[in-house]
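Colleague: Hey, got a minute? I'm new to this one and would like a quick tour.
Modeller: Sure, let me put it on screen and you can ask away.

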Amino acid sequence: MIWLTWRQFRAQAAVMSGFLAVLAAVLAVTGYELSNDYSHGIATCKTEEACQIFTQNLFEDYKSPFLILTLLVLVLPAVIGLFWGAPLVARELEAGTHRLAWNQSVTRTRWLTVKLALVGTASVLAATLGSLMVNWWISPLDKSAADQFVRMSPLLFDTRGITAVGYAAFAFVLGVTIGMVARRTLVAMTLTMVVFVLLQVVMPLFVRPHLLPATTLTTQITRDNLDSLMSEGPSGPVRIRTEAPDPKAWVLTNQTVDPSGKAVESIPFTTFSQFCGPQAEGPPPPEGGAAPRRPPGPPQACVDAINKLGYQQRITYHPDSRFWSLQLIETGVFVALAAGLAGFSFWWLRRRVS
């Protein structure tokens, strides 16, 4: 049974092995150069501002491959579920070849166990290798990335650490389960993709924020923590956003609260009041350098006037220190879901498949 399963799977395994081998060769050559550029630049920059400009320029130079590789890790589990999981059983049920195996003294349980164990192990191994290679290559850019590309952000969290392994295991078993129920390969592949993509949207929006208790901080608005002060026109109300104490944190909510502690969308204040006029332009960046990450803030008198009204900022966030805890919990969730789907597959095979 193992030999037969391997013969059916070896073409897909060869394609994935070739892809990972090419990826490893490309990343090894370019990653060595990227690592040297980063180490040399950090060692030679003399001031904090110069180092900031260097890391910004480095990230901009490699931004395209950064996003491509991030997308690759995000898509790899879906590809495994789509092309390895969905056809694994659906193809045999659709063609009727499963009856041949069952008539050769192979029980249904053994038939499915071998398929899940052999191809499932290959799925987890492929996702692990792909994730490790990309994370090694991209590590200097993670240190140089702009604020919106921190590893705790929903865009990057699934492509760092170990969650790709849990997603790959789940996507594979999801494809097998849907294929067993649908009994049609194309239908199974379509449904697997829809369900997996939907879950990748639901998880960061509705589940991940609650895997651990978030940190809530109510703080005074200052020029140091002010991230943005915006209004809808010269006389429009002002909306405020401040930075979390941890610059690499995942900010869930960033609300302005009135003196009674009630959240408000804006404050009755305008950016063209006597205290908050058009902001003065800061000094130009050094020649060949990038602009500062944050533009000059409003005058101190503007911030003082806002504080006199009694408004504060309430931030709810997950600090970067919880990255690995969230990674372990989320990976465990998807491994548990995969185990549950596998159990359902065995039940369905014995009760419903003939």
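Colleague: Let's start with helix 9. Which of its residues are buried?
Modeller: Helix 9 covers residues 300-308, and its buried residues are Cys302, Val303, Ala305, Ile306 and Asn307. Keep in mind that this is a predicted model.

Colleague: And what covers the buried residues of helix 9?
Modeller: The cover includes strand 2 (226-231) and strand 3 (238-242).

Colleague: What follows helix 9?
Modeller: Gly310 follows helix 9, and its phi is positive, near 90°.

Colleague: OK, on to the sheet. In what order do the strands come?
Modeller: The order is 1-6-4-5, with 4 strands in an open sheet and antiparallel pairing. Strand 1 (215-219) and strand 5 (263-264) are the edge strands, each pairing on one side only.

Colleague: How many bridges join strand 4 to strand 6?
Modeller: There are 7 bridges between strand 4 (residues 250-257) and strand 6 (residues 312-318), and the two run antiparallel. To pick out one residue, Val251 has Tyr317 in strand 6 as its bridge partner.

Colleague: Switching to aromatics. How many aromatic pairs are there in the whole structure?
Modeller: A search turns up 14 aromatic pairs. Take Phe66 and Phe149: their ring centres are 5.7 Å apart and their planes are at 80°, so this pair is edge-to-face.

Colleague: Why does that angle make the pair edge-to-face?
Modeller: Because planes over 60 degrees apart count as edge-to-face, and the planes of Phe66 and Phe149 are at 80°.

Colleague: Where in the chain do Phe66 and Phe149 sit?
Modeller: Phe66 is in helix 3 (residues 63-95), while Phe149 is in the loop between helix 5 (108-144) and helix 6 (154-157). The pair links distant parts of the chain, 83 residues apart.

Colleague: Is Phe66 buried or exposed? And what about Phe149, buried or exposed?
Modeller: Phe66 counts as buried, at 0% relative accessibility. Phe149 is buried too, with a relative accessible area of 9%.

Colleague: Got another pair for me?
Modeller: Try Phe170 and Phe334, with ring centres 5.4 Å apart and planes at 70°, so that one is edge-to-face as well. Phe170 belongs to helix 7 (residues 163-182) and Phe334 to helix 10 (residues 323-352), so the pair ties together parts 164 residues apart in sequence. Both Phe170 and Phe334 are buried.

Colleague: Which residues do ring pairs link into a cluster?
Modeller: Tyr167, Phe170, Phe196 and Phe334.

Colleague: What sits over the ring of Phe323?
Modeller: The charged end of Arg151 does, 4.0 Å from the ring centre.

Colleague: Speaking of charges, how many salt bridges does the structure hold?
Modeller: It holds 6. One of them pairs Glu92 with Lys115, and the closest N and O atoms there are 2.5 Å apart. Glu92 is in helix 3 and Lys115 in helix 5, so that salt bridge ties together parts 23 residues apart in sequence.

Colleague: Are Glu92 and Lys115 buried or exposed?
Modeller: Both are buried.

Colleague: What does Asp142 form a salt bridge with?
Modeller: Its partner is Arg160, with the closest N and O atoms 3.0 Å apart. Asp142 is in helix 5 and Arg160 in the loop between helix 6 and helix 7, 18 residues apart. Asp142 is partly exposed, with a relative accessible area of 25%, whereas Arg160 counts as buried at 2% relative accessibility.

Colleague: And where does Arg208 come in?
Modeller: Arg208 forms a salt bridge with Glu330, and the closest N and O atoms are 2.6 Å apart. The pair links distant parts of the chain, 122 residues apart: Arg208 in the loop between helix 8 (185-207) and strand 1, Glu330 in helix 10. Arg208 counts as buried at 1% relative accessibility, and Glu330 is buried with a relative accessible area of 0%. Salt bridges with shared partners join Asp158, Arg208 and Glu330 into one network.

Colleague: Last one. Where is Tyr38, and which residues is it in contact with?
Modeller: Tyr38 is in helix 1 (residues 2-44). Leaving aside neighbours within four places in sequence, Tyr38 is in contact with Phe54, Thr55, Leu58, Pro140, Lys143 and Ser144. Tyr38 counts as buried, at 14% relative accessibility. The C-alpha atoms of Tyr38 and Lys143 are separated by 9.5 Å, with the two residues 105 apart along the chain.

Conventions
Residues are numbered from 1 along each chain as its sequence is written. This is a predicted model: local features need pLDDT of at least 70, side-chain atom pairs count only at pLDDT 80 or more; totals for chains, interfaces and linings use all residues. Side-chain values use heavy atoms; hydrogens and water are left out. Two strands pair if DSSP finds at least two bridges between them. Rings of Phe, Tyr and Trp (its six-membered ring) pair if their centres lie within 6.5 Å; planes under 30 degrees apart count as stacked, over 60 as edge-to-face and the rest as tilted. Buried means under 20% relative accessible area, exposed over 50%, partly exposed in between (1.4 Å probe, protein chains only). A charge sits over a ring if NZ of Lys or CZ of Arg is within 6 Å of the ring centre and within 35 degrees of the ring normal. Contact means heavy atoms within 4.5 Å. A salt bridge is a side-chain nitrogen of Lys or Arg within 4 Å of a carboxyl oxygen of Asp or Glu.
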